[in-house]
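Let's take a walk through this two-chain model together. Please have the viewer ready, and we will go from single residues out to whole chains.

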Amino acid sequence: MPESLAGLDTFPKLLMHHARVRPQRPAIREKDLGIWQTWTWSRFADEVRAMACGLAEHGFKRGDHLALVGDNRPRIYAAMCAAQCLGGIPVPLYQDAVAAEMAYPIQNASITHAIAEDQEQVDKLLEILPQCPSLERIYYDDPRGLRHYAQPQLMSCDALRELGRETFRRDPAYLETEIAKGSSEDTAAMFFTSGTTGVPKGVVLTHASLIDRARAAAEMEDLGDADVVLAYLPPAWIGQNIFSYAQPFVTGYCICCPESSETVMSDMREIGPTYYFAPPRVLEALLTQVSIRMEDASALKRALYRYFMEVARRTGGALLDGRPVGLADRLLYRLGDMLVYGPLRNVLGMSRVRVAYTAGEAIGPDLFRFYRSIGINLKQLYGSTETSVFVCVQPNGQVKADTVGPAVKGVELSFTPERELLIRSPGLFKEYYKNPVATAEAKDAQGWFHTGDAGYFDADGHVKIIDRVKDVGKLADGSIFAPKYLENKLKFFPYVKEAVAFGHGRDRVCAFINMDMEAVGNWAEKRNLPYAGYVDLASRDEVYELVRECIEKVNADLAAEPELAASQIHRYLILHKQLEADDGELTRTAKVRRRHVGEKYAALVDALYGGAQTVHVEAQVRYEDGRTGSISADLKIRDAKTFTPAAAKKAA
Amino acid sequence: MQGAAGTRAGAPPLDEGARRVGEVILAVEGVSLSFGGVKALTNVSFDVREHEVRAIIGPNGAGKSSMLNVINGVYHPQEGKIRYLGREFRDMDSHEVAQSGIARTFQSLALFKGMTVLDNIMAGRNLKMRTNLLLQALRIGPALREELEHREAVERIIDFLEIQAYRKVPVGRLPYGLQKRVDLARALAMEPRMLLLDEPMAGMNMEEKQDMCRFILDVNDQFGTTIVLIEHDMGVVMDISDRVVVLDYGKKIGDGTPDEVRANKAVIDAYLGVSH
């Protein structure tokens, strides 16, 4: 970055800097009434000044917390900066949380002021008002439907801004002084982590840590004020906040807020972001849409698509990585780019994407390669709320489907003997709010953050995350067993809906497979394979063969990884029913409850290890209307081929 | 349009005038309508007050749509009269009715299926356009300025009814529930003082019905539009109406608040049938 940001150690200082240096450049856009409306950096600064002065007039002071409840809107981000101007701490909350879930953060941080996007959010805040006596003021952005609300706590953002303008006119020096008082070690924001493990924890992040990480990644990717980002994920999630607040403040790039959650696709095409983030599920949904539309296309288009996607699969990734590609393939790819990849990127709204990230969960290698092969520079990153996101990022030219990349500049990594990933980074959080016990558990005396994720460095020094530490077990011979890693690998095959791997304390790994009824059903139909229903299809030898091929591919992959070669799957069976949350086999977020499944189907597990060829099973099922019934079946158990590590290496 | 930067949905000018129920603006007095020997309406009288939600309910063939068509100026009653805003008339044609601020939606949708949502709603602005066809076709001078104004009004309605995602989709490709919403949008584009809704919830599932109810109440609340709606689904109507008229075989058998109507013996008989 050519411009010097020395001394600009807080977000408000950065904002005022951009308002001086690039007053007319776009800072934030929002589609309103069908037209993209732009706030320049100078306008952004004006809005922030007015809101900050208004908040100060209403008693918001240094150290106070401001709740932000809403989708990506310019006002939400302006309010965030306004709170920081006064030395306050913005606390973004998930806009789709139910009212009861919002009560805890508000009580925990004794929040006094809140900004709500619209009537829906105002209603939620009013509902929990009796439990949250600290909450004194609620400001709303969109007045629709709020005309008849007479609560004394309520005020529109417009009125707050007018009040602030007036105050600012009377005493412009006040705000300058307040901003100047801010220091890099002040708390910049607090993010509540979702409470999947107990009560939510407020992660306290300083200006220094957020700015440091935002800048490190921006320098790595060479981001500048010409870049554009579409802000479409919840602002309460640290990732969106980094991409739509911290990084634009560091680089001066522009963020765009879609009109509504349903219009994201078309808004993205109109905006053409250059920097993009999407979790794997979004990328998968996009690919599914493309595939469905291709099915409906004319025969010529389908043939072109098939042919050129094959070309792309061969050469696209290599071209992106700068590896050598033959002239013929290069020309073919160029032609494909004109006919297929270019239009496809355009439909996806990714024509201008220079850098795209995905993170959050394991991404299927085929899905990952699809985007890279059509020329989208999709990379993986690793991070969490506690680390201000950027811990590992794959540098250009070193992109792999199954790692999260090496450490970003400034980050130190190490692994405990239990293979837990430890992180020391300037981006680490200060503490969990009012929770010294949890803080001490997560961050040790030497400043290492314990992630709870298990993994290791691969041969190129990339970090590979395999599972949560608490789920990682050991085989009888002492080699590690990461069930989630195996299950994910299996689930990347379309025919496998769920998989449950067993092996902790055993001499080898065995697995339950849950077939994907839709995919296997289609496959059977195409092969004229008649079947009577789920149980019947699942017990077919042909289906067992199909699954065996999947497992053996996974085994071949595993054999190539010295750390995990012992985890190859020796025996498997296909379950006679889908694993269901209603039967307690999955969590409500559709994650396998491995231990519970193991106990419920203990007889099947014993049969897997006992060497039987079939096993009889009878199981209770609960139907959607609450009735229960039972299914009985004879399940076959089959062996899968395993590979010796050395041989697989030669083959690879 | 540029000046609208930063302001969001529901701002003036459409935002004026949500007061609570006011004076009578429409009175139907002793209206009878027959087609040859078939008596569709017999001596029906009721009134509609400004800003209220007034429902006309009744079983199939009760004369609900005929009643709406009479108010709308499509049918001309043989007897009785209608007073609208103090003006008395018996046979006003539908164009005049529209100009006097009454808009309606249709049971069988009246949309241009091949045109986009945006264009359909723009068509609803037609009455408000002042420049002539030639200028509009050439999009020059005052016509361009006017189009911008109308486009903004239409965008406010799109925002209001939350159909941004379908702005440029041809209406024929939308599901039925959404088409109904577009039909409402088209009627709203006239900025009517009174809105006649003909079975706005027919053929919808429960969720779509709830959405529609919310929009009807929002329109009434936000713009102060008086709403007359026909519906045969009693449950839905009772929840959102201020007053209800019940018709059966062309005769009025009940009139009052939802609670009064619900307790009315004649209404219960008409809906549930009586043993003779």
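Just past helix H4 of chain A, A:Ser110 has a positive phi of about 45°. Helices here are DSSP runs of H or I with at least four residues, strands are E runs of at least two, and both are numbered from the N terminus. The model is a predicted one, in which local features need pLDDT of at least 70 and side-chain atom pairs count only at pLDDT 80 or more, while totals for chains, interfaces and linings use all residues. Residues are numbered from 1 along each chain as its sequence is written, and chains are lettered from A and ligands numbered from 1 in the order in which they are written.

**Around H4 of chain A**

H4(A) itself covers residues 99–108, and its buried residues are A:Met102, A:Ala103, A:Pro105 and A:Ile106. A residue is called buried if 20 or more other C-beta atoms lie within 10 Å of its own, exposed if 12 or fewer, and partly exposed in between, with C-beta atoms placed from the backbone. An α-helix has 3.6 residues a turn, so residues three or four places apart point the same way. The cover over the buried residues of H4(A) includes strands S3 (65–69), S4 (89–93), S8 (187–193) and S9 (201–206) as well as helix H5 (119–128), again in chain A.

**Two more positive phi values**

A:Ser388 has a phi near 50°, a positive value in a residue other than glycine. Look for A:Ser388 in the loop between strands S14 (378–382) and S15 (392–393) of chain A. A:Ser388 counts as buried because it has 31 C-beta neighbours inside 10 Å.

In chain B, the phi of B:Glu191 is near 50°, also positive without the residue being glycine. B:Glu191 sits in the loop between H6 and S7 of chain B. With 18 other C-beta atoms within 10 Å, B:Glu191 is partly exposed.

**Helix H6 of chain B**

Helix H6(B) runs over residues 176–188, and these 13 residues should span 18 Å at 1.5 Å a residue; the end C-alpha atoms are 18 Å apart, which agrees. The expected span is 1.5 Å times one less than the number of residues. Buried positions in H6(B) include B:Val182, B:Leu184 and B:Leu188, and charged-type names such as B:Lys180, B:Arg181 and B:Asp183 are on the list too. These buried residues pack against S6, S7 and the helices H3 (117–124), H5 (142–160) and H7 (206–223) of chain B.

**The sheet of chain B**

Six strands of chain B form an open sheet with mixed pairing, in the order S6-S7-S8-S3-S9-S10. Two strands pair if DSSP finds at least two bridges between them. S6 (102–105) and S10 (251–256) of chain B stand at the edges with a single partner strand each, so one side of each has no neighbour in the sheet. From one strand to the next, the twist averages 15°. S9 (residues 243–248) and S10 of chain B are antiparallel, joined over five bridges, and B:Asp248 has B:Lys251 of S10(B) as its bridge partner.

Helix H1(B), residues 64–72, packs on this sheet and touches S3 (53–57), S6, S7, S8 (226–231) and S9 of chain B; its direction makes about 150° with that of S7(B). Axes are lines fitted to C-alpha atoms, for helices over the stretch in contact, and angles run from 0 to 180 degrees between N-to-C directions.

**The chains as wholes**

| Property | Chain A | Chain B |
|---|---|---|
| Helices and strands | 22 helices, 27 strands | ten helices, ten strands |
| C-alpha box along principal axes | roughly 85 × 60 × 50 Å | roughly 70 × 40 × 35 Å |
| Buried residues | 46% of 652 residues | 37% of 276 residues |The radius of gyration of chain A is 27 Å, close to the 26 Å that the globule rule gives for 652 residues, so chain A is as compact as a globular protein of that length. The radius is taken over C-alpha atoms, and the rule is 2.2 Å times the number of residues to the power 0.38. For the 276 residues of chain B, a compact globule would have a radius of gyration near 19 Å, and chain B agrees with 19 Å.

**Confidence**

The model scores ipTM 0.72 and pTM 0.84. Chain B has a mean pLDDT of 84, with 91% of its residues at 70 or more; pLDDT is the predictor's confidence in each residue, from 0 to 100.

How values were computed:
Rg over C-alpha atoms; globule rule 2.2 N^0.38 Å. Contact = placed C-beta atoms within 7 Å.
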